[in-house]
Amino acid sequence: MKKLTLVLVLISISVNCFSQGLLQEKSNFTHQDTLRGTITPERSWWDLTYYHLDVNINPEDKFISGKTSVYYRVLKDNKELQIDLQEPMKINSVIQNGKTLAVRHDGNAHFISLKDDQEIGKVYSVDVFYEGYPKEAVRAPWDGGFSWKKDDNNKHFVATSCQGLGASVWWPNKDHMYDEVDSMLISVTNPKGLSNISNGKLRSKTENNDDTVTSHWFVNNPINNYGVNVNIGDYVHFSEVYEGEKGPLDLDYYVLSYNLEKAKEHFKDTPKMMKAFEHWFGPYPFYEDGFKLVEVPYLGMEHQSSVTYGNQYKKGYLGRDISGSGWGLKFDYIIIHEAGHEWFANNITYKDIADMWVHEGFTTYSENLFVEYYYGKQAGSEYVIGQRKGISNKRTIIGEYNVNKGGSGDMYSKGANILHTLRQLIEDDEKWRQILRGLNSVFYHQTVTTEQVENYISQQTGIDLTEFFNQYLRTTMIPTFEYEIQNGKLKYRWTNIVNNFDMPIEVTIDSKKQWLFPNSEWKTLAIKSDGIEIDKDFYVYSKEL
Ligand SMILES: [Zn+2]
């Protein structure tokens, strides 16, 4: 497991705004959702230390079989251990110290009765043998599973993706995000003539006498379950070494043989990305594992240290600028966005998918920081502001806890704009950069809650941001600056806000920029002109009465 945070939770987040502005319908959750999304007693007594996933993949039959060896440290007395594996995959047997163990099956959760004493503080392991025809991805990576595709030469092109759905869709594991394994070995056997690329670094490759090959990939850092992936194809490889903040970093690229020349040109965005993100967020978090881009038959995913790529070698998002500002066509969206997740998703990881904005909000925000790094501050602002058109404000950004339920898709564009607005309040770009870097060092290789992130930012800025985050993350209301200008007097206030929301805002009055400090009560100011201009960097609405 990742180390617990050292930051004291000093500021409590008020949750009494939950009833305000919530248009979200209460979903109906099942017993299975609870088993999947809760830190059950059968999970909480043990701490993951190591996995060896050893899997044989047969693309011809779309069949997989293998074993996960789960190593864990005992924290509390208990002898029943929960492992997850989703139907139609089947557990064949579970073995500890040579003894076959009884398993109680409850849908996708499997409760193993251990026979040996489980001494507190000691490390044990269980081998879970399994097989089956795993769920096929419907629309990878959003509705994931196995993508069994063929490349243009009719060769097998196979990849996994499983965020949200869960890694237990294809291998047995402790499928809850709070507990990350410390390191992991991934051994994949596949037909000869094809290569498998997984996370971390290739330790060895062996040829078997049944026309298959086995590759062993070692991940030297904590990794979240959905980050683990296999990618099998007719890959060719090229690489470079990037001189980064922590020294030389291997950048490895695996692409289909016929895309080599295109990739060599197009992937020049990778070292550019690394330079910008190390500047903003601090050192790449997984130097030991290197960084890879791996071509896949779907759009892409932030698989840790083996970011998968399927953006068709186009700039933008499949050739489109999602910001409409023009800046979105200056870079490959998938390279920049998915690699941004190495800091926010893979380094700092949500404990519960309800807090997924910590991944997507910060990573979408990273796109405009990339733009700013190369094209200036104005360009970055235009990019993030341009993304507002995609915000729907129909559901809250924070999802529902303990049932594996993420919040609204607004966590991307709105999340980015919340951070952009926050930066205005801090009024100190270097401090803001140090906060972004600080998040990545204080929560280095940890799983976190949104409250931890919110509190850290409040502490570092010295601004109590409780209402700010409650407003934007926990309601769908957008603060509305209501004002009236009459007889040389500006009257203004906030409406559509949670209790005690009093965010200052920058406006231009009489051709001069100045701060106003509205709250829910009317305030007045003497002015000369008959109009004011609200700084567009703030994600707010305005209404002149
Ligand atoms: Zn993302």
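Me: His341 and Glu360, buried or exposed?
Reply: Both His341 and Glu360 are buried, meaning that each has under 20% relative accessible area; exposed is over 50%, and partly exposed lies in between (1.4 Å probe, protein chains only).

Me: What am I looking at, and how is it numbered?
Reply: This is a predicted model in which local features need pLDDT of at least 70 and side-chain atom pairs count only at pLDDT 80 or more, while totals for chains, interfaces and linings use all residues. Numbering runs from 1 along each chain as its sequence is written, and side-chain values use heavy atoms, with hydrogens and water left out.

Me: Which atoms are the protein donors of the zinc ion?
Reply: His337 (NE2), His341 (NE2) and two OE entries of Glu360, lying 2.0 to 2.7 Å from the zinc ion. Donors are N, O and S atoms within 2.8 Å of the metal (3.2 Å for Na, K and Ca), and water is not among the atoms, so sites may look incomplete.

Me: What is the geometry of the site?
Reply: The site is irregular, with angles of 53 to 155 degrees among its four donor atoms. Four donors would be tetrahedral if all angles lay between 85 and 135 degrees; four are square planar and six octahedral if opposite donors are over 155 degrees apart and all others between 65 and 115; anything else is irregular.

Me: How are the donor residues spaced in sequence?
Reply: The spacing is H-x3-H-x18-E. His341 sits in the loop between helix H5 (333-340) and strand E21 (348-350), and Glu360 in helix H6 (residues 357-375), so this pair, 19 residues apart, links distant parts of the chain. Helices (H or I, at least four residues) and strands (E, at least two) are DSSP runs, numbered from the N terminus.

Me: Pockets next. What volume does the largest pocket have?
Reply: About 610 Å³. Of the 29 residues that line this pocket, the closest to its centre are Trp142, Gln163, Met356, Glu360 and Tyr412. Here a pocket is an open set of points on a 1 Å grid over the protein atoms alone, with protein on both sides within 12 Å along at least five of seven lines; a cavity is a set where a 1.4 Å probe fits but cannot get out, and lining residues have an atom within 4 Å of a point. Points are joined across faces, edges and corners, and a volume is the space filled by probe spheres set on them.

Me: Which element gives the most to that lining?
Reply: H5, with four residues. By type, the lining of the largest pocket splits into 13 nonpolar, 10 polar and six charged residues. Ala, Val, Leu, Ile, Met, Phe, Trp, Tyr, Cys and Pro count as nonpolar, Asp, Glu, Lys and Arg as charged, and the others, Gly among them, as polar.

Me: How many cavities are there?
Reply: Two of 30 Å³ or more turn up in a search of the whole structure. The largest cavity has a volume of about 130 Å³. Fourteen residues line this cavity, and those closest to its centre are Arg36, Met177, Tyr350, Ile353 and Asn404. Its lining has four nonpolar, six polar and four charged residues.

Me: How many aromatic pairs?
Reply: The count is 46. Rings of Phe, Tyr and Trp (its six-membered ring) pair if their centres lie within 6.5 Å; planes under 30 degrees apart are stacked, over 60 edge-to-face, and the rest tilted. One of the pairs is Phe146 with Trp170, which is edge-to-face at 5.9 Å centre to centre and 90 degrees between the planes. Both Phe146 and Trp170 are buried.

Me: And why is the pair Tyr539 and Tyr541 edge-to-face?
Reply: Because the ring centres of Tyr539 and Tyr541 are 6.5 Å apart and their planes are at 80 degrees. Tyr539 counts as buried at 5% relative accessibility, whereas Tyr541, at 41%, counts as partly exposed.

Me: Backbone oddities. Which peptide bonds are cis?
Reply: Among them, Glu87 to Pro88, with omega near 5 degrees, and Ala140 to Pro141, with omega near 0 degrees. Most peptide bonds are trans.

Me: What about phi at Asp510 and Ser511?
Reply: Asp510 has a positive phi of about 50 degrees although it is not a glycine. Ser511 also has a positive phi, near 60 degrees. Asp510 is partly exposed at 29% relative accessibility, and Ser511 is exposed at 75%.
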